[in-house]
Structure formats: structure tokens, C-alpha cells
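This report covers charged pairs, the nonpolar core and a few surface features of one protein chain. The sequence and structure come first.

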Amino acid sequence: SNGHTVTKTIDPNTKAELIQPNDPDLPSGNTLGIFSAKVVSDKKIIALVNVEDKLKGSLASWNASPIASNDVLCSVVMREYYKWFTAETVMNAGSTQADVTITYSDGKTRTITVPPLGTFNVIEQAVNGSVLDPNSVLSAKFSSTNPLVVVVQENSTSYSTNPGDYLLAYTCTADMP
């Protein structure tokens with residue numbers, strides 16, 4: 001999403017790794033480290049993304065979405081649910097700015113704006129403007145006139161008192177007609 005392009009040749013049944021901190025042309029840190037990437041190939045490939053926070057000792061992985069869709073379904077989003085909350089990272093796969101409407105299963109809605117090929121991180125905490133009720137766990141639908149990809153990271157605030165694995169992630173599903 002920052003215009004940087006990397007080209008790799010991958011032999012059959014092998015892999016290639018792209019490590020963000022090793023590439024000075026990619027953003028880094030909490031402020032500039034959230035960005036999106038589009039992987040394109042003339043062959044069938046599988047893409048896997050890892051995220052790590054060494055300070056908290058957390059690591060999560062998810063599969064890259066094989067398709068962007070105007071409607072994307074996320075099965076679990078949370079706000080303050082037994083100290084868990086979610087961060088939904090929304091990628092606009094289109095070439096123009098996208099207004100994205102989030103419709104939660106409790107009927108609440110929220111609209112965000114995402115730049116072309118950019119991302120927006122929706123953090124379901126009161127201090128970050130979540131419209132969800134405290135102790136919520138429900139599903140959400142992300143809709144736009146532009147194609148979207150959405151990834152959910154489930155986070156827990158328990159890591160500060162009980163070290164452990166408190167980061168989970170999954171790729172949301174395109175709503176196919």
C-alpha cells in the first residue's frame with residue numbers, strides 16, 4: 001500500500017519469505033507498521049502472514065485471502081469479553097477511496113473510510129470508539145462498493161498479569177451470492 005514492489009521467483013514446491021523488518025522500504029513500528037500488500041502470481045500459491053509483538057511475547061498467523069469481496073463476513077468480534085477484544089484490519093483492494101459500512105449482528109453499524117490499497121484498523125475498545133456494548137461477542141459484515149479483505153486479530157489484556165498466548169487471528173470470509 002506504500003507503492004513498494006518486491007518480485008520473487010519461487011521454484012515449484014518451495015517457498016519465499018518476505019520479512020518486513022529486513023526491508024527498509026516498508027513501514028515499521030506501531031504507527032507506520034500497519035499496511036497492506038497484494039500478492040500476485042501466474043501460478044497457484046498459498047500466502048501466510050505472521051505478526052509478532054516481542055514485548056508481549058505474542059505471535060499469530062493467518063492465511064491471505066484468496067479473493068477480495070464487496071461483502072466480507074467475520075464470525076467473531078469482541079469488546080471487553082473476558083478481557084478479550086478484537087482489531088479488525090480492513091484492506092481496500094480497490095483503486096479508489098472506500099467507504100466501508102460495518103454491520104454488527106446486534107444491529108449496530110459503523111462507517112469508516114479506507115484509502116485505495118490502504119488499511120484501517122478497527123479496534124473494539126471504548127477508548128478507540130467501538131460502538132459495541134461492553135462484554136460483546138458477535139459477528140460482523142463489512143460492506144463497500146470496493147472489494148475488501150478483512151483480518152481479525154483477537155487480543156487479550158491478560159498478558160500483563162498472566163504471560164501466555166493472547167493473540168489469535170483469522171481471515172474473514174467473502175460473502176458469495
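In this predicted model, Asp175 and Lys141 form a salt bridge in which the closest N and O atoms lie 3.5 Å apart. The pair links distant parts of the chain: Asp175 sits in the segment after β10 (173-174), Lys141 belongs to strand β8, and 34 residues separate them. Asp175 is partly exposed because its relative accessible area is 28%, a value between the limits of 20% and 50%. Lys141, at 30%, is partly exposed as well.

**Salt bridges**

How many salt bridges does a search of the whole structure find? The search gives five. Three of the pairs, with the closest N to O separation, are set out below.

| Pair | Closest N to O separation |
|---|---|
| Asp175 and Lys141 | 3.5 Å |
| Lys108 and Asp133 | 3.3 Å |
| Arg79 and Glu80 | 3.3 Å |

The side chains of Lys108 and Asp133 meet in a salt bridge. This pair also links distant parts of the chain, with Lys108 in the loop between β5 (98-104) and β6 (109-114) and Asp133 in the loop between β7 (119-123) and β8 (136-156), 25 residues apart. Lys108 has a relative accessible area of 26% and therefore counts as partly exposed. Asp133 is likewise partly exposed, at 38%.

Lys108 and Asp133 are also part of a network: salt bridges that share partners join these two residues and Asp106.

The partners in the bridge between Arg79 and Glu80 can be described by their burial. Is Arg79 buried or exposed? Arg79 is buried, because its relative accessible area is 10%, under the 20% limit. Glu80 has a relative accessibility of 33%, so this residue counts as partly exposed.

**The nonpolar core**

The largest nonpolar core holds 20 residues. Cys74, Val90, Val100, Tyr104, Phe142, Val150 and Cys172 are the members that touch the most other members. Four strands, β3, β5, β6 and β8, each supply at least two residues of this core. Which strand gives the most to the core? That strand is β8, with six residues.

Val90, one of the core members named above, can be followed through its contacts. Leaving out residues up to four places away in sequence, Val90 touches Val100, Phe142 and Val150, among others. The contacts of Val90 also include Ile112, Val114, Gly118, Thr119, Phe120, Val122, Leu148 and Val149.

**Surface features**

Tyr81, Tyr82 and Val137 make a nonpolar surface patch of about 330 Å². Of these residues, Tyr81 lies in the loop between β3 (69-79) and β4 (84-92). Tyr81 has a relative accessible area of 30% and so is partly exposed.

Lys8 lies in the segment before α1 (29-32). With 46% relative accessibility, Lys8 counts as partly exposed. Which residues does Lys8 contact, leaving aside its neighbours within four places in sequence? They are Ala16, Glu17 and Leu18. The C-alpha atom of Lys8 is separated by 29 Å from that of Val72, a residue 64 places away along the chain.

Definitions and conventions. Residues are numbered from 1 along each chain as its sequence is written. This is a predicted model: local features need pLDDT of at least 70, side-chain atom pairs count only at pLDDT 80 or more; totals for chains, interfaces and linings use all residues. Side-chain values use heavy atoms; hydrogens and water are left out. Patches are made of residues with over 30% relative accessible area and no salt bridge: like charges are joined within 9 Å, nonpolar side chains (Val, Leu, Ile, Met, Phe, Trp, Tyr) within 5 Å. Accessible areas come from the Shrake-Rupley method with a 1.4 Å probe; for residues, only the protein chains shown count as cover. A salt bridge is a side-chain nitrogen of Lys or Arg within 4 Å of a carboxyl oxygen of Asp or Glu. Buried means under 20% relative accessible area, exposed over 50%, partly exposed in between (1.4 Å probe, protein chains only). Contact means heavy atoms within 4.5 Å. A nonpolar core is a set of buried Ala, Val, Leu, Ile, Met, Phe, Trp, Tyr and Cys residues joined through side-chain atoms within 4.5 Å.
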